[in-house]
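Got your viewer open? Let's take a walk through this protein, one selection at a time.

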Amino acid sequence: MEPKMVKKEAVKLAGFAIKTTSKEGKNKIEIPKFWTEYMNDGRCKKLHEEPFIKNHAEYGACFPENPADGNFEYVIGIEVKEGFVVPDEYHTCTVPEALYAVFSTPPADGECFVASIQGTWGYIFSEWFPNSGYEFDSGKTDFELYDERCMTETGKIVDIYIPVVKKTN
């Protein structure tokens, strides 16, 4: 599984956020639960009807608050069109410009989708990074991009964007 290297400009998002932590795998429970609630409680439908959205691809973005303790803010958001004002009911944030290693998850059906995403994350940090010549660009934002390829019942694919810099040693 080799990534594509992509330089991506900063992106403004509007959506919803939770605070979570990677301690004891808490994020692996809380983030899927957050997505389920978002998809089923009307927030997803309402967000996708807003005039300020650029397209319907959704971001699942991690904004580190204190990398040393594993705490971060997780945002489900959609790109905002330039010049549009976003109502206060939405959380807004900016994914900074970065060089990304972009990994595509293996195709999965709805039942195995979360496991496919989490398995790809595991591969990135346990196998790819140690052998890649790159390191995580701390202070930048990693995210998952949910586009039309994950809107089917089978063969769902998500791209995972990992901010990277060349190793210096």
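Select α1 (26–40) to begin: with eight residues, α1 gives the most to the lining of the largest pocket. Helices here are DSSP runs of H or I with at least four residues, strands are E runs of at least two, and both are numbered from the N terminus. You're looking at a predicted model, where local features need pLDDT of at least 70 and side-chain atom pairs count only at 80 or more, while totals for chains, interfaces and linings use all residues. Residues are numbered from 1 along each chain as its sequence is written, and side-chain values use heavy atoms, leaving out hydrogens and water.

Now show the pocket's whole lining, 35 residues, and colour Ile31, Tyr74, Ile117, Trp121 and Glu144, which lie nearest its centre. Besides α1, the elements that give two or more residues to this lining are β3, β4 (71–80), α3 and β8. A pocket is an open set of points on a 1 Å grid over the protein atoms alone, where a 1.4 Å probe fits, with protein on both sides within 12 Å along at least five of seven lines; lining residues have an atom within 4 Å of a point.

Next, pick helix α3 (residues 113–132) and zoom in on Ile124, the centre of a kink of about 40°. That bend is the angle between axes fitted to the seven residues ending there and the seven starting there. Which residues of α3 are buried? They are Phe113, Ser116, Ile117, Thr120, Trp121, Tyr123, Ile124, Trp128 and Phe129. Buried means under 20% relative accessible area, exposed over 50%, and partly exposed in between, with a 1.4 Å probe and protein chains only. Step past the end of α3 and you meet Gly133, with a positive phi near 85°.

Now for strand β8 (residues 142–146), where five of five residues are buried. Asp142, Glu144 and Tyr146 point one way, Phe143 and Leu145 the other. Add β3 (residues 53–66), which pairs with β8 in the antiparallel sense over five bridges; two strands pair if DSSP finds at least two bridges between them. Look for Cys62 opposite Asp142. Then add β9 (residues 159–166), joined to β8 by three bridges and also antiparallel. There, Tyr161 is the bridge partner of Phe143.

Last stop: Glu24, in the loop between β2 (11–21) and α1. Is this residue buried or exposed? Glu24 counts as exposed because its relative accessibility is 85%.
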